[in-house]
Amino acid sequence: MKSVEEVVEVHLDELVCSGLVIVSSERGRASSCRIHDLVHDFCLIKAREEQLFDFISSSAPSPSSSEQKKNPYVKHLLSLMVSDGKHNHLSYNCHLRHLRLLKRLELHKIRLTYSLLNEIGMLVHLRCLKIQMKAKALPPSFSNLLNLETLVVDNQGSNMVLSPSIWSLVKLQHVSMDSCSVFDLDTDESTVLEEDLKLEHLRILYGLKLSSSGNREDIFKRIPNLRSLTFTIEEPCPCSAEQICFPRLDILDELEEVRAYFYPCIHQCDFHFPSSLKKLVLGSFALPSNSLSRIARLPKLQNLSLEEAIIQGKEWNMEEEDAFENLKSLTLDRVSFSEWKVNGEESFPVLEELQILDCTELMEIPDSFADIFSLKYISLLGSCQLEVSAIRIKEYVTDMTGEDNLETAELS
């Protein structure tokens, strides 16, 4: 009954506890993992003995058919990663059709021909596909990949239309692209989908591009179990305020992480987030006091980041009821406001980390942050005027507790 991510976490913890895997942490958070070079050498030797994997270095990639003559086991290959940083393309006589059992395929910095894309569509056992492809839409042949769970496409900033191929991939769990839309945003015609078309297993959707036109709530109803969503609302500028509408995300009961950006202008929106939300990033939005209050009342929110935002009235006055009950990390990146009133521990009872980046209009950090006993770290970047108040808070905490537990950093 556990998700793939939960199972992975259990196994990773076992490897860490056994000393086989080393976790590189950044202020208490696991950011990456590595293994000791001796362990790596041992794993490489054993893997080759067991024919688990091999590493082939070649300046001229040979066709899989030629490789099959050299190595009869290649037809049993389950996972393949190819990276060609020099040539940036595979030979035209390369083929993937012999690798019928492939479950994982990664082609890094490789431009794919039309024929190779069609051959990828024949690899019906694929579970994970990571490729570079600059196209307007998903190839029709991809609708054959009924076992696909992870789709990562480097489409180099161009927008890719997901329909109709995407709806056949019923096992899909993770979709990540530079920019993608469910429908073609360049056409005015509304697309009607069959009522039963849903992606019940989709958990992560990164790079979605939305427009204020069209029924966006209908899209999210078709991905009801989404947990992580990154999207951009892109509109021609200037546009009237009546045209701007933030999608109702409160229909997604399992949503835990949202990154939302408005491009190219800053606009005010009425936000509707589910109570399940744990991480929120908002970029290029105008934030009135009622929106900030609504965000503060999200009961499970642990991480909040505001980027290139404007707090209307230039004042963020936190009322007694505006308590971020579970917020542990707050990042203000190029936020335009000059005054900040905080009720100390009442406003941020469990805050551990405060980052203020390039907030040039804010003159000082409220002294009441010294009353937040959970606060461990204050980071400043490009906001030299705040250094004095940060040091004052640090000295106050040290005098009150007798311990130097609060870390401050002025980064350049």
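No disulfides are counted in this predicted model, a disulfide being a pair of cysteine sulfur atoms within 2.5 Å. Cysteine residues are nevertheless found in the interior. Cys 128 has a relative accessible area of 7% and is therefore buried, since the limit for that class is 20%. Cys 180 likewise counts as buried, because its relative accessibility is 0%.

The protein chain contains seven helices and 22 strands. Of its 412 residues, 41% are buried. Among contacts in the protein chain with a separation of 6 or more, 53% are accounted for by residues 24 or more positions apart. The accessible surface of the protein chain amounts to about 22,500 Å², and carbon and sulfur atoms contribute 51% of that area.

Two helices were examined individually. Helix 2, which spans residues 37-49, comprises 13 residues. The distance from its first C-alpha to its last is 19 Å, close to the 18 Å expected at 1.5 Å a residue. Just after helix 2, a positive phi of about 55° is found at Gln 51. Helix 6 occupies residues 289-296, and its buried residues are Ser 291, Leu 292, Ser 293, Ile 295 and Ala 296. The cover over these buried residues includes strand 13 (279-283), strand 14, strand 15 (303-307), strand 16 and strand 17 (315-317).

Strand 13, one of the elements covering helix 6, is itself mostly covered, with four of its five residues buried. Strand 13 runs parallel to strand 11 (residues 257-263), to which five bridges join it. Within this pairing, Val 258 has Leu 280 of strand 13 as its bridge partner. Strand 13 also pairs with strand 15 in the parallel sense, again over five bridges. Here Val 281 is placed opposite Ser 305 of strand 15.

Strands 14 and 16, which also contribute to the cover of helix 6, belong to an open sheet of three strands in the order 12-14-16, with parallel pairing. Its edges are formed by strand 12 (267-268) and strand 16 (310-311), each of which pairs on one side only. Two bridges connect strand 12 with strand 14 (residues 285-287) in the parallel sense. In strand 14, Ala 286 lies opposite Gln 268.

Aromatic contacts were identified across the whole structure, giving 13 aromatic pairs. The pair of Phe 337 and Trp 340 is edge-to-face, with 5.7 Å from centre to centre and 75° between the planes. Both of these residues, Phe 337 and Trp 340, are buried. The rings of Phe 348 and Phe 369 have a centre separation of 5.8 Å and planes at 20°, and the pair is therefore classed as stacked. This stacked pair links distant parts of the chain, the two residues being 21 residues apart. Phe 348 lies in the loop between strand 19 (339-341) and strand 20 (353-357), whereas Phe 369 lies in the loop between strand 20 and strand 21 (377-381). Phe 348 and Phe 369 are both buried. In addition, one aromatic cluster is formed by Phe 231, Phe 246, Phe 262, Phe 271, Phe 273 and Phe 285.

How values were computed. Residues are numbered from 1 along each chain as its sequence is written. This is a predicted model: local features need pLDDT of at least 70, side-chain atom pairs count only at pLDDT 80 or more; totals for chains, interfaces and linings use all residues. Side-chain values use heavy atoms; hydrogens and water are left out. The expected span of a helix is 1.5 Å times one less than its number of residues. Buried means under 20% relative accessible area, exposed over 50%, partly exposed in between (1.4 Å probe, protein chains only). Two strands pair if DSSP finds at least two bridges between them. Rings of Phe, Tyr and Trp (its six-membered ring) pair if their centres lie within 6.5 Å; planes under 30 degrees apart count as stacked, over 60 as edge-to-face and the rest as tilted. Contact means heavy atoms within 4.5 Å. Accessible areas come from the Shrake-Rupley method with a 1.4 Å probe; for residues, only the protein chains shown count as cover.
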